[in-house]
Amino acid sequence: MRGVRVVWAPVRHELRLMTSLWLWVARRRHGVGGGTAFGYARGQAALTYGFAFVCVVETVAMSVLLRDWPAVHAVVLFLDVYTVVFVVALHAASVVRPHVVGDGVLRVRRAVHVDLRIPLGRIASVRRELRMTHEAAKGELDLAVGAQTTVTVELTEPVTHVTFFGRPREIRVVRFHADDSDGLVRALAAPCAPSPR
């Protein structure tokens, strides 16, 4: 069963990427519903577009270099074009799958790789915290964008995060980036504040 999950994970990943690319072109978002969306793609946009441009330049250069070897040229061209599409789709996935606050849940996302739902009732504290370095630690999930996180959420009890290959992890602290981190913290702090007695 685990072998099936390992094989299916990359296929599912590619399908979600291509779906995200279509949503991006159609100017639609995934999973926002009636909630409030908070984007995180702005911090990586310049780097992503720069990398895509480099890939396009490489595609053109390889086409010129391999023009006398049609079979090799066809294979390399396919791989190069797919690489450009893949890079753009990664950015598209980050744009169309924002963090969402609504329906009693904080939905923390990172492109198509992470979609963690945190009940607002489990949030012990939330704060704006800029961190540039992150060390892996048990019970913590760091979702950096451009090597930084700007929001830290601590939980009263863990939530389960399922990794890329289907392994469950219990998470008590989540750090992630949001373009409007102050607005996101305000949106979360209101439901988390204790009610007056």
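Here are four short exercises on the strands and sheets of this predicted model, each with a worked solution.

**Exercise 1.** Work out the strand order of the open sheet with antiparallel pairing, and find which strands stand at its edges.

*Solution.* Start with the order: four strands line up as 1-2-3-4, and their pairing is antiparallel. Next, look at the ends of that order. Strand 1 (36–38) and strand 4 (114–119) each have a single partner strand, so one side of each has no neighbour in the sheet. Finally, add the geometry: neighbouring strands here are turned by 15° against each other on average, direction ignored.

**Exercise 2.** Walk through this sheet pair by pair: how many bridges join strand 2 to strand 3, and how many join strand 3 to strand 4?

*Solution.* Begin with strand 1, which pairs with strand 2 (residues 99–102) over three bridges in the antiparallel sense; Phe38 stands opposite His99 there. Move on to strand 2 and strand 3, which run antiparallel and are joined by three bridges, with Gly102 opposite Val105. The hairpin of these two strands has two residues between the strands, and Asp103 takes a positive phi near 55° in it. The last step is strand 3 to strand 4, an antiparallel pair with six bridges. Arg107 has Arg117 in strand 4 as its bridge partner. This hairpin has three residues between the strands, and Ala111 takes a positive phi near 50°. While you are at strand 3 (residues 105–110), check its surroundings too: five of its six residues are buried.

**Exercise 3.** Describe the open sheet with mixed pairing: what is its strand order, and which strands stand at the edges?

*Solution.* The four strands follow the order 5-7-8-6. Reading off the ends gives strand 5 (123–131) and strand 6 (140–143); each has a single partner strand, so one side of each is left without a neighbour in the sheet. From one strand to the next, the twist averages 35°. Now turn to strand 7 (residues 149–162) and strand 8 (residues 168–176): they run antiparallel and are joined by eight bridges. One pair to look for is Val151 with its bridge partner Phe176 in strand 8.

**Exercise 4.** Decide whether Arg175 is buried or exposed, and list what it touches.

*Solution.* First locate the residue: Arg175 lies in strand 8. Then compare its relative accessibility of 8% with the cut-off for buried, under 20%; Arg175 therefore counts as buried. Last, collect its contacts, leaving out residues up to four places away in sequence: Glu129, Arg131, His134, Glu140, Leu141, Asp142, Leu143, Thr149, Val151 and Thr152.

Terms used
Residues numbered from 1 in each chain as written. Predicted model: local features only at pLDDT ≥ 70, side-chain atom pairs only at ≥ 80, totals over all residues. Heavy atoms only, no water. Pairing = 2+ DSSP bridges. Axes fitted to C-alpha atoms, helices over the stretch in contact; angles between N-to-C directions. Buried < 20%, exposed > 50% of the residue type's maximum accessible area, 1.4 Å probe, protein only. Contact = heavy atoms within 4.5 Å.
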